[in-house]
Amino acid sequence: MTTTILRTTSTDFDFKKLVKQLDKELAISDGEDHAFYDQFNQLDSIKFTVVAYLNGVPVGCGAIKHFSEKSMEVKRMFVLLSQRGKGIASQMLNNLEAWAKELGAENCILETGIHQPEAISLYKKCGYIITENYGQYAGIETSICFKKLL
């Protein structure tokens, strides 16, 4: 099986299709907190996205967006349930980090929820460290924020 990571934009059809599936999953796992988190995930502010293809079929997505002069924020990470555990998310994250570095970032930051144990494990495995909640997530008990130096 061959995994290909394609750099694209938030207007990409496959990216948008995968994000809809991500949002359906998050609506369930986030429960009553979903509306709060959803407001920070609008695609119009996301310019740099990736789509993972397995044998030509779109199976995952992720994105980065400028947070500050030296920080890129990782957003919209998702792999289809049937394709998890194959290292696809790690490949996408590595690609996003390389892209962030190419764009001049010195670090990547991200937020995930306490109800996302798979995401927490992924980020720890990929070298992210838990940091103080930033920006709109400051003081939000259901959020966990991470940072990684590039």
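Begin by selecting D12, which sits in the loop between β1 (3-8) and α1 (13-30). The model on display is a predicted one.

**First stop: D12 and its surroundings**

With D12 selected, display the side chains around this residue. D12 is buried but takes part in no salt bridge. The nearest side chain of opposite charge belongs to K16, and it is 8.8 Å away. Which partners does the D12 side chain have instead? One polar contact, at 3.3 Å, is to the side chain of T8. In addition, a polar atom of the D12 side chain lies 3.0 Å from the backbone nitrogen of D14. Next, add V51 and Y53 to the selection: both are in contact with D12, once its neighbours within four places in sequence are left aside.

**Second stop: the chain as a whole**

Now switch to a cartoon view. The chain contains four helices and seven strands. Read from the N terminus, the order of elements is β-α-α-β-β-β-α-β-α-β-β. Of the 150 residues in the chain, 50% are buried. Taking the contacts between residues at least 6 apart in sequence, 65% join residues at least 24 apart.

**Third stop: strand β4**

Select residues 71-79, which form strand β4. Is this strand enclosed or open? Nine of its nine residues are buried, so β4 is largely enclosed by the rest of the structure.

Add residues 57-66, strand β3, to the view. β3 and β4 run antiparallel and are joined by six bridges. The connection between β3 and β4 is a hairpin of four residues. To inspect one position in this pairing, select A63, which stands opposite K75 of β4.

Then bring in strand β5, residues 107-113, which pairs with β4 in the parallel sense through four bridges. Here V74 may be selected together with L110, its bridge partner in β5. Helix α3, residues 88-102, completes the view: β4, α3 and β5 make a right-handed β-α-β unit.

**Fourth stop: charged pairs**

How many salt bridges does the model contain? The count comes to six. Three of them may be visited in turn.

Select R7 and E102 for one of these salt bridges, in which the closest N and O atoms are 2.8 Å apart. This pair links distant parts of the chain, since R7 belongs to strand β1 and E102 to helix α3, 95 residues apart. R7 is partly exposed, at a relative accessible area of 32%, whereas E102 is exposed, at 55%.

Return to β4 by way of D23 and R76, which form a salt bridge with closest N and O atoms 2.8 Å apart. This pair too links distant parts of the chain: D23 lies in helix α1 and R76 in strand β4, with their positions 53 residues apart in the numbering. R76 is buried, with a relative accessible area of 5%.

Finally, select E73 and K75. Their salt bridge has closest N and O atoms 3.9 Å apart. E73 counts as buried at 2% relative accessibility, and K75 is buried as well, at 5%. K75 is also the residue seen earlier opposite A63, which allows the tour to close on the pairing of β3 with β4.

Conventions:
Residues are numbered from 1 along each chain as its sequence is written. This is a predicted model: local features need pLDDT of at least 70, side-chain atom pairs count only at pLDDT 80 or more; totals for chains, interfaces and linings use all residues. Side-chain values use heavy atoms; hydrogens and water are left out. Buried means under 20% relative accessible area, exposed over 50%, partly exposed in between (1.4 Å probe, protein chains only). Helices (H or I, at least four residues) and strands (E, at least two) are DSSP runs, numbered from the N terminus. Two strands pair if DSSP finds at least two bridges between them. A crossover is right-handed if, with the strands pointing away from the viewer, the path from the first strand over the helix to the second runs clockwise. Lys and Arg count as positive and Asp and Glu as negative; His and the chain ends are not counted. A salt bridge is a side-chain nitrogen of Lys or Arg within 4 Å of a carboxyl oxygen of Asp or Glu. A polar contact is a pair of N or O atoms within 3.5 Å; within protein, one must be able to donate a hydrogen and the other to accept it, and residues adjacent in sequence count only if both atoms are side-chain atoms. Contact means heavy atoms within 4.5 Å.
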